[in-house]
Amino acid sequence: SMISLAEKEKACGEDLEELWAYVAYILCAGNTENKVSNSWKGVRANLEVLDAQGMTLLAAASMMNIEELVVYLLREGARVDAKGLDGRTPLIYASARGNVGVCKVLMSFLAAEKRLAFIDAVSADGQTALVRAAAHGQLKVCKLLVDAGASRCGTALEIAILAEHSPVIEYMVVATGIQDLFSLDGTKEGHRVGSKISKTMQ
C-alpha cells in the first residue's frame, strides 16, 4: 500500500523534497537528451520536459497512479493539460489505466469553464480520455468522465463493443440514450454494430 505523505514527512523530515525529486527522476529515467537533474531544483525547472517516451513527469506519474506525486507536481506548477509527443494529456494516460483518484485530482486543478475542453482533449490518434477508458474497459472512469460532461459517448460505445467490454457497453448504451440498438445511425454499419451490442450483452 502507498505510504502516506505524513509518514514520509516523519521518516524523511527535511529531506522530503529530495525524496520526491528522486521519484520524479526515476520516472524520467532514460531521458539522456535533456539530462534531467536528480535534485529537486533540477526537476522543478524541468516540469514540462519530455522523457524518452515523450511524456512529462506529470503524465508518467498519472499513468503510474502515484496520486501524491501528481498533486505535488501540480502544486509546483506542472501544467495539467500539457501534452506529450503523442498528443495525450495526463488525463488520457490515467483514464486508460483506470486511475480514478488521479483523474479526479487532475480535473480538480482546472477552473470549471476550462474543464470540459480538458476532458475532451484529443490525442494525435484521435482519442479522448473517455474513448481510451472505454477501450480498456475502465467502467469507473467512464462514469466519472460522462458525469463530468465528456462528449464522444457514441465513439466510446463503439470502441467498447469492438473490445467486448460488456459492463462498459451496458453503461454507455444508457449514457448515449440509444433506444434502438439495431439502428445506431441508420446505416448498414450501424445495424452491424447494433447487432454486436446485442450479442455481447446476452
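A residue is taken as buried when its relative accessible area is under 20%, and by this criterion Cys153, with a relative accessible area of 15%, is buried. The model in which this residue is described is a predicted one.

The protein contains 13 helices and 0 strands, so that its pattern, read along the sequence, is an unbroken succession of α elements, α-α-α-α-α-α-α-α-α-α-α-α-α. Of the 202 residues in the protein, 44% are buried. Among the contacts in the protein with a separation of 6 or more, 57% are accounted for by residues 24 or more positions apart. The accessible surface amounts to about 10,400 Å², and 52% of this surface belongs to carbon and sulfur atoms.

Cys153 belongs to helix α11, which spans residues 153–163 and in which Ala156, Leu157, Ala160 and Ile161 are buried along with Cys153. When the helix is viewed down its axis, the buried residues of α11 fall within an arc of 140°, and they therefore line one face of the helix. Helix α11 is followed by Glu164, a residue with a positive phi, near 60°.

Helix α10, comprising residues 139–147, has as its buried residues Val141, Cys142, Leu144, Leu145 and Val146. The cover over these buried residues of α10 includes α11 and α12 (166–176), together with α6 (90–97), α7 (100–108), α8 (112–119) and α9 (129–135). Just after α10, a positive phi of about 105° is adopted by Gly149.

Cysteines occur in both of these helices, with Cys142 among the buried residues of α10 and Cys153 among those of α11, yet the structure holds 0 disulfides. For Cys153, the closest cysteine sulfur is that of Cys142, at 9.0 Å; because a disulfide requires sulfur atoms within 2.5 Å, this separation is too far for a bond. A further cysteine, Cys103, has a relative accessibility of 0% and likewise counts as buried.

Cys153 also takes part in the surroundings of Thr176, a residue of helix α12. When the neighbours of Thr176 within four places in sequence are left aside, this threonine is in contact with Cys153, Gly154 and Leu157, and of these Cys153 and Leu157 are listed among the buried residues of α11. Thr176 itself is partly exposed, its relative accessible area being 25%. The C-alpha atoms of Thr176 and Thr155 are 9.8 Å apart in space, although 21 residues separate the two in sequence. The side chain of Thr176 reaches the backbone oxygen of Val173 at a distance of 3.1 Å.

A second threonine, Thr128, is placed in the loop between α8 and α9, and with a relative accessibility of 1% this residue counts as buried. A polar atom of the Thr128 side chain lies 3.2 Å from the backbone nitrogen of Val131. Beyond neighbours within four places in sequence, the contacts of Thr128 are with Ile92, Ile119, Asp120, Ala121, Val122 and Arg152. The two threonines can thus be set side by side, since residues under 20% relative accessible area are buried and those between this limit and 50% are partly exposed: Thr128 is buried at 1%, whereas Thr176 is partly exposed at 25%.

Terms used: Residues are numbered from 1 along each chain as its sequence is written. This is a predicted model: local features need pLDDT of at least 70, side-chain atom pairs count only at pLDDT 80 or more; totals for chains, interfaces and linings use all residues. Side-chain values use heavy atoms; hydrogens and water are left out. Helices (H or I, at least four residues) and strands (E, at least two) are DSSP runs, numbered from the N terminus. Buried means under 20% relative accessible area, exposed over 50%, partly exposed in between (1.4 Å probe, protein chains only). Contact means heavy atoms within 4.5 Å. Accessible areas come from the Shrake-Rupley method with a 1.4 Å probe; for residues, only the protein chains shown count as cover. The arc is that of the directions from the helix axis to the C-beta atoms. A polar contact is a pair of N or O atoms within 3.5 Å; within protein, one must be able to donate a hydrogen and the other to accept it, and residues adjacent in sequence count only if both atoms are side-chain atoms.
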